[in-house]
Protein chains: 2
Amino acid sequence: MAAVPRQRVLVLGGGFAGMFAAREMQRRFGNRADIELINEVNYFVFQPLLPEVAAGAISTRDAVSPLRQLLPGVKVRQARIFDIDQNRQVVTIFQGVQRRFTEVTYDHLVIALGQAEDLSRFPGLKAHALTIKSLSDAHRLRNHVIDKLEHADITAIPEVKRELLTFTVIGGGFSGVETAGEMRDLITKSLKYYPRIEPSEVRILLIEFADRILSELSPSLSGYAQQFFERQGIEVMLGTGVAEATGTQILTTGGEVIGTRTVVATIGNGPSELVRSMELPIAHGRIRTDRKMRVQGTANLWALGDAALIPLRVDPSERHHWAPPTAQFAVREARRLAQNIEAVIEGRNPADFTYKSKGTMASLGAHRGVAEVFGFRLSGRKAWLLWRLYYLSFVPGFTTKVRVATNWALDAILGRSIVQTAAQTGSATRYVRYRKGDRVFEAGNRADGFYIVIEGKVELTIPGIGEKENVTRTIGAKGHFGDRVLLGEGLRTGTVRALEDTVVLVVGAADFQRIVAALPVLEEYFGTYIASAYGTAKNLDLAAVGGTTVGRLS
Amino acid sequence: MAAVPRQRVLVLGGGFAGMFAAREMQRRFGNRADIELINEVNYFVFQPLLPEVAAGAISTRDAVSPLRQLLPGVKVRQARIFDIDQNRQVVTIFQGVQRRFTEVTYDHLVIALGQAEDLSRFPGLKAHALTIKSLSDAHRLRNHVIDKLEHADITAIPEVKRELLTFTVIGGGFSGVETAGEMRDLITKSLKYYPRIEPSEVRILLIEFADRILSELSPSLSGYAQQFFERQGIEVMLGTGVAEATGTQILTTGGEVIGTRTVVATIGNGPSELVRSMELPIAHGRIRTDRKMRVQGTANLWALGDAALIPLRVDPSERHHWAPPTAQFAVREARRLAQNIEAVIEGRNPADFTYKSKGTMASLGAHRGVAEVFGFRLSGRKAWLLWRLYYLSFVPGFTTKVRVATNWALDAILGRSIVQTAAQTGSATRYVRYRKGDRVFEAGNRADGFYIVIEGKVELTIPGIGEKENVTRTIGAKGHFGDRVLLGEGLRTGTVRALEDTVVLVVGAADFQRIVAALPVLEEYFGTYIASAYGTAKNLDLAAVGGTTVGRLS
C-alpha cells in the first residue's frame, strides 16, 4: 500500500450519527488522519431520554455527555456553521461567542445534522407549539407543564382552568407516544401538591393523522399501546390532524375546536436550513445518498443518520426501502461510514450499508412499554424494563451510565420532583396567533408588552370614565396597541379582541421601553401618538420608566 | 383563653427565613390560622449550594425542593408581588403567567424577601457582572465559564485568550470565597478536555476591599484560607475595590486595568425594589425591626432573614449588634417569629429574639474548608467534611438529602461533567459598557445586533473599496449603528471604536428585524436612513430578512 497524504475528515453534527461516526473513525484510522467534529453545543444529547428529562424522571446531566469526553483524540469544536463551500472544500464557522469567523478545510465532509422542525405548514403551530428535540425543549416543556398546574390551581375561571388542564401531543410516533406517557406520569405524580385540581379535570390528548399510533410496530402492539393509554386516561384521537393553533386552542382537520394551552408537536420534520442551502439532492426531506452513504453526485460528501435518505434495497414489487431515522440505524451507519471513508482514503472500494433491524421499542410511561425484538412481541412491564436496559446499554460513557442507573433507582424509591427550574423570561419578541373572536387582553390585565398587528384585525375598546363614552378603535395590519406600557402603567385600561384571524408581534414591555427611550425616532413618534390617541396630558417621561416593568396600582 | 377569630398570616418569600417561618407556624398553630406563602418560584433554593451547582458538583434538582412538598398544609402561591397596601391589609399579586391580578388579604404580614443586588454604585458592573443568588444565576455562571474555555481553546489572539482565561470574583465573603474555590475546581477538572489551554494560562482573582477575606472568621482562619487559595493558584487581592467594568476588563480602585471576560460580583446588596417601595424604616439596606422582629412603627408587619435588621444587644461600649444575614440565624429567627405571631394572636406578649452563633464555616473547594465551631478552629479536609455534613443536615426533605448525598458520592468516584446545558440566546436587549479606545466590533465580525448609543461617543470607519476612500463618522448619544443587520448581511463592513467611555443598548438582530419589519414608522425611517448613510442602491426588503439572522458569505 502506498503512503497517502494525511487526510482531513470533518463531521458536522454531534448526535448519534455524527458522534459515533467520529468515534469509529478515530479508532480505525485516527492515527493516519485528522478527525474533527463541529456541533452547536458541546455535548451529545441522548435524545430518546428527552421525554424523561421533561418529566423529571432523570436529571439533565444524566441525559447528556460532553463530546470532548466521548471523543478522545477527535478535535471537537462548539460552533455555528455559517457556510459550506464545496469548491474550496471549506466550512466557515463562528465558534462560541466569537465574532470572527474561522475557516475549516476538509478532504471528506460528513453531514450528520439530523432534521429540523418544519411546522410552517400548520398555521400558528410554530408560534405556539412546544417541541422535544433538544435539551432546552425538554426543560421548556417541563416548566410549561408545571406552570399550567400552578396556574390551574389558582384560577377562578372554569373555562381557563379547562384549557390549562388540557395537554395535547400531536403525532403518535415514538416521540409523541413517549412524551404523552411521560407527561401523564409527571402530572399524576404532581397532582397531590395541587389540592384544587381534581384528577378528573386533567385531559391528555394524543392526536395522530394515521389510523393507529406507533405504526412502526405491529398492529397488535399498537392496539396494546392505545388500550393502555386509554386506561391511563390519555385520549387517543386517530385520523385527526391539526389545521391551526393559537395560544389557547387548536382546530383539528375534522373541524373540532379544542381549548388547550399546551401543544407538543412531534410532527413536521424537514432538512435543516444549512442542508437546504447546500443545493444537494433532497427527497422526502432528506439528503439522497447512494448505498455507500455518499451524497449523490459528489466524491467526498457523505451523509448519514436522520439527515440522510440511505437506500437499503428494492423489493421484488419495485418498492424502495430506506434506512429508518432511528438511533439503532444511525449507530450502524456510523460504523459502515467509518469503514467506507477509510477505504476511499486508502484507495479501496467502499461497501454498501446493510443492516436488519433487531427490533423496536417504545416506553408508554407508568413503567409500561411495548417491544418487538427478534420477532418476539412484548408488552407491559417486561417491555418497559427491556427498553430501559437497551437504552442504558446505548448511553455513552461509563460515568453517565452509572448516574442514569442510580437516578432511575432513586426515582423508583423516592418519587420525583415538581420543581420548575427556570422562570419564563418574557423578554424579546414573539409572534402570537389569535382566532376571530379571541380576547387578546382586557382592562385590568397586567401590561406585559407592546403589540404590532402583522396580519388580521383587532378591536380596542377603552371604557369611558364618568361622563365619557366608550372609545372603540379598529386596528389592522401594521397598526399597534398596548402602547401604554410606555407610560409605566402596570395594568391595561382597554380591552382588545380579534375581529378576524390575527397574528401579532409582541415585544416585551421592558425591552420595548428601553428601545423607545433610546431611539429618538420612536420617542418622538410615540410621544405624539400617545398624546393624540389617548388625549392624555401626561408627558412621556421615559427616563422614569426605562428598565422598570412593574408599576404600582394606587 | 378567649376564642380568637381565625387569623390570616401571609409570608412573602420562600428562602430559609420565609420557608422555615411558614413551616414552623403551620406546625404550631396551622389548625387555628391560615398560613400562606408567596414566592416568585415554586421551589426553595438551597442557596449555600449554588456555587456547587455552578461548578457541577451537584445537579440542579439536588439544590432545590418544591415548596409545596416542604410545606404541607400551607397555601403556596407562585406569584409576582405587585403592590402591598398596608391600610387595606392587602397584597396584590400576579400568579404565574396569569394576567389578571389577585388580591390576598392578611392579618399578619411576614417579610422574608431577602436582599436584592444593588450594583448601581459600580459603573458597568450591573451590565457585565454575573451574580450567584438564584438558580438561574448558577446555571448562567456555569455556562459562562465553559463558554470561555471553549472559546479560549480555539482563539488565535493571545490578548483575547488572556482575557478569556482570567476569572474574577469580587468580594471575599462566604459567597465570594466559595464561588472562587468551586470555579477553580470546575476549571481544573475541565482542562484535560481542552488540549490547547495550559493550566498556567488560567488566572483566578479574588478581589476584596477589606484587609482580609472571610472577615467573619478569626484572622488565623482567614490566613489559612488565603494561603490555601494562593497555593491553588487563586490570586487574592486585598484592599482593592472595583471602579468600573466593561465586557472585557475591570478597573480597580487602585487604577489597575485587568483584562477579564468573567466577573462574578458577590457584593452590593440592598433592599428589594418592593421593600424600597413600602416606605418602611430602612438602615444598612435592611428593614429595621424591634428585638421581637416586628417592623418598627407597625403592629402586624414582621421581617426576618436577610431582609431584616434585627437588634441582638448593645454591648457595654454602646456598640449595636445585629443578627447576621446567614442561614443559621434565619432558621432560628423563623422559630422565634412563629412563636411571637402565635403569642400576639393569642393575646400574649411576644419575646425577644436571642441566639448565639454556634459557629461559621466556609468551603474552599478542592475538598478543603475552614470552620470555627463552639470556639474550636478547624481547617483543611476535616473542616470541609464538617461543612458538607452540616449543610446536608439543613437540606430540607428526606428525598433531597438522599439525592444530594448520593450525587456527592458519585461525584467523588466518577468525576464531574463539563457539559454546557444552555446556549446563550442573544435575543432581547442588553446594555453594554465600553471604555475609551475599546473596539465595539470590526469589519468581518458577525453582525449580532443593532446598537443605540445611550451615553458617550463612538467612531465608525467603513473601509473604502477600490478607489473609494475610507468613510468615518462619529456617533454620539441617541445615535445608532450596526443598522446593516436589517439588510440581512451576515458580517460587519465597518469597524466601531469608543472615542470616550460609552454605554450602548444592543438589540438582538432577529428581534430588531422583526420589530422594524412590523412597525411602519421604523420601516420608513430605516429605509431612508440606510439609503442616505450608505448610499446603497439596495432596497430594504424586510420580508426577505425577517426572522433570519445568518446570511451567507458568498
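**Exercise 1. Contacts and overall form**

Task: For chain A of this predicted model, state what share of the contacts with a separation of 6 or more comes from residues 24 or more positions apart, and then describe the chain as a whole.

Solution.
Step 1. Residues 24 or more positions apart supply 68% of the contacts in chain A that have a separation of 6 or more.
Step 2. The secondary structure of chain A comprises 15 helices and 34 strands.
Step 3. Chain A is as compact as a globular protein of its length, because its radius of gyration, 27 Å, is close to the 24 Å that the globule rule gives for 554 residues.
Step 4. The C-alpha trace of chain A spans about 95 × 55 × 50 Å along its principal axes.
Step 5. With the cut-off for a buried residue set at 20 or more other C-beta atoms within 10 Å of its own, 49% of the 554 residues of chain A count as buried.

**Exercise 2. Two hairpins that share a strand**

Task: Trace the pairing from β13(A) to β14(A), and from β14(A) on to β15(A).

Solution.
Step 1. Three bridges link β13 (residues 242–245) of chain A with β14 (residues 249–252) of chain A in the antiparallel sense.
Step 2. These two strands, β13(A) and β14(A), make a hairpin with three residues between them.
Step 3. Within β14(A), Ile250(A) is the residue opposite Ala245(A).
Step 4. β14(A) is also joined by three bridges to β15 (residues 257–259) of chain A, again antiparallel.
Step 5. On this side Ile250(A) has Ile258(A) of β15(A) as its bridge partner. Ile250(A) thus has a partner in β13(A) and another in β15(A).
Step 6. The hairpin of β14(A) and β15(A) has four residues between its strands, and Gly255(A) there takes a positive phi near 90°.

**Exercise 3. An open sheet and a helix**

Task: Which strands stand at the edges of the sheet that contains β27, β34, β29 and β32 of chain A, and which helix packs on this sheet?

Solution.
Step 1. The sheet is open and has four strands in the order β27-β34-β29-β32 (chain A), with antiparallel pairing.
Step 2. The edge strands are β27 (429–434) and β32 (480–481) of chain A; each has a single partner strand, so one side of each lacks a neighbour in the sheet.
Step 3. β29 (residues 449–455) and β34 (residues 502–508) of chain A pair over six bridges in the antiparallel sense.
Step 4. In this pairing, Val503(A) of β34(A) lies opposite Glu455(A).
Step 5. The helix is α13 (residues 509–518) of chain A, which packs on the sheet and touches β29 and β34 of chain A. The direction of α13(A) makes about 70° with that of β34(A).

Note on methods:
Residues are numbered from 1 along each chain as its sequence is written. Chains are lettered from A and ligands numbered from 1 in the order in which they are written. This is a predicted model: local features need pLDDT of at least 70, side-chain atom pairs count only at pLDDT 80 or more; totals for chains, interfaces and linings use all residues. Two strands pair if DSSP finds at least two bridges between them. Two residues are in contact if their C-beta atoms, placed from the backbone, lie within 7 Å. Axes are lines fitted to C-alpha atoms, for helices over the stretch in contact, and angles run from 0 to 180 degrees between N-to-C directions. The radius of gyration is taken over C-alpha atoms; the globule rule is 2.2 Å times the number of residues to the power 0.38. A residue is buried if 20 or more other C-beta atoms lie within 10 Å of its own, exposed if 12 or fewer, and partly exposed in between; C-beta atoms are placed from the backbone.
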